[in-house]
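Reader: I should be grateful for a close look at a single part of this protein. Please choose one helix and explain how it sits among its surroundings.

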Amino acid sequence: MVRRGSMAEAAAELGYVPSAVSQHIAALERDMGVELIIRRPGSRLVLTAAGRSLARATETLFDATARFQDTAHGIANREIAELRVGIYPSTMTYLLPPVLSTLGARRPGPRIRLVVVETDEGVPKVRSGDLDLLVAYRYLPEDPPAPSEALTITVLGREPLVLVAGAEPERRRPLELAECLEREWVSGHAHNPDRRLLHRWAGELGIAPQVTLETEDLHSMLAMIRVGLAVGLIPATLLGAGHGAGVERVVLPPEVEPLHREILAVSRPGARVPILDELVRLLASAVESAQSSEDFMVR
């Protein structure tokens, strides 16, 4: 109506009869208690000062409404501006960089914001919506996260846990498990999942490793192992691509089952847009590559 300058032309553009438009304006003036339009028979409508202020505010409102509708349409077509992905610390270093590089080369898409968080802290953030996806680990089958109405769990693969000791260049044969039982061991704190897995595994073998060095940081574990302070179980991804220099793999008896931890993708049902599905597929391939890699076997 402001652009057209008459009730009749505004009504025609909106698909209303002129009287309906006039009634809406009159009702708005009554509600606000102020005159918005000066009506002069035979001439174009003139806005009052109040009418001009309201018209400027309406332009902003219409612009915001248009942006909202465009965004809502994009979301309906799975166009997302940003995704928040939680990852445990070693993923940032060894697993995720090539995945993100591949993803970025394939297609333009939303910005991926990475949040470094351990599994126990990340799962509640997925439930609350603070994270769209969590890359998590699970050492024991009964440990969280577990599938539920609030969570979708995708197993990306099983990452080997390798028992390693500091490399001894003068040693002419591989180090065996029995030779490690009198040494000091490094692992997580008493209630950490890796420590509980170690105790369960040791109990099944009838051995009692002496954990005298405790840390939650895998890089610190590896550093202590390299200098010969301890032996310990290290995820294979930390030992691949040359990062296993300075350590050697301990040979387990043939009857001993190798250990592993599960790598998981955790999300909310219905929240997996196509790019998240692609990210999950690439992560699964990366975990599979880590599982089959032999790089960590070299001294």
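Author: The account below takes helix α6 as its subject and then turns to the core to which the helix contributes.

This is a predicted model, and its confidence should be stated at the outset. The protein has an average pLDDT of 82, and 80% of the residues score at least 70. Among its elements, strand β7 (residues 184-187) has the highest mean pLDDT, 96, while helix α3 (residues 49-76) has the lowest, 63. For residues 70-78 the pLDDT is below 50, and this stretch has four contacts in the model beyond near neighbours in sequence.

Consider first the length of α6. The helix has 13 residues, which at 1.5 Å a residue should span 18 Å; the C-alpha atoms at its ends are 18 Å apart, so the expected and modelled spans agree.

Consider next which residues are hidden. Asp194, Arg195, Leu197, Leu198, Trp201 and Ala202 are the buried residues of α6. When the helix is viewed down its axis, these buried residues fall within an arc of 160°, and therefore they line one face of α6. On the face turned away from that buried side are the exposed residues Gly203 and Glu204.

What do the buried residues of α6 pack against? Their partners are the strands β6, β7, β8 (210-214), β9 (232-235) and β11, together with helix α7 (218-226). After the helix comes Gly206, which has a positive phi, near 75°.

The wider setting is the largest nonpolar core, which has 43 residues. Trp201, already met on the buried face of α6, is among the residues with the most contacts inside this core, as are Val135, Leu156, Trp185 and Leu279. Helix α6 (193-205) is one of the elements that give two or more residues to the core; others include β3 (82-87), α4 (89-106), β5 (133-138), β6 (152-166), β11 (259-267) and α8 (274-292). The most is given by α8, with eight residues.

Leu156 offers a view of this core from another position. Beyond its neighbours within four places in sequence, Leu156 is in contact with Val135, Ile263, Leu264, Ala265, Val280, Leu283, Ala284 and Val287. Another core, of 15 residues, lies apart from the largest one and includes Val164, Met224, Ile225 and Ile234.

To summarise, α6 has its buried residues along one face, with Gly203 and Glu204 exposed on the face turned away from them.

Key: Residues numbered from 1 in each chain as written. Predicted model: local features only at pLDDT ≥ 70, side-chain atom pairs only at ≥ 80, totals over all residues. Heavy atoms only, no water. pLDDT = per-residue confidence, 0-100. Helix = DSSP H or I, 4+ residues; strand = E, 2+ residues; numbered from the N terminus. Contact = heavy atoms within 4.5 Å. Core = buried A, V, L, I, M, F, W, Y, C linked by side-chain atoms within 4.5 Å. Buried < 20%, exposed > 50% of the residue type's maximum accessible area, 1.4 Å probe, protein only. Expected span 1.5 Å × (residues − 1). Arc of directions from axis to C-beta.
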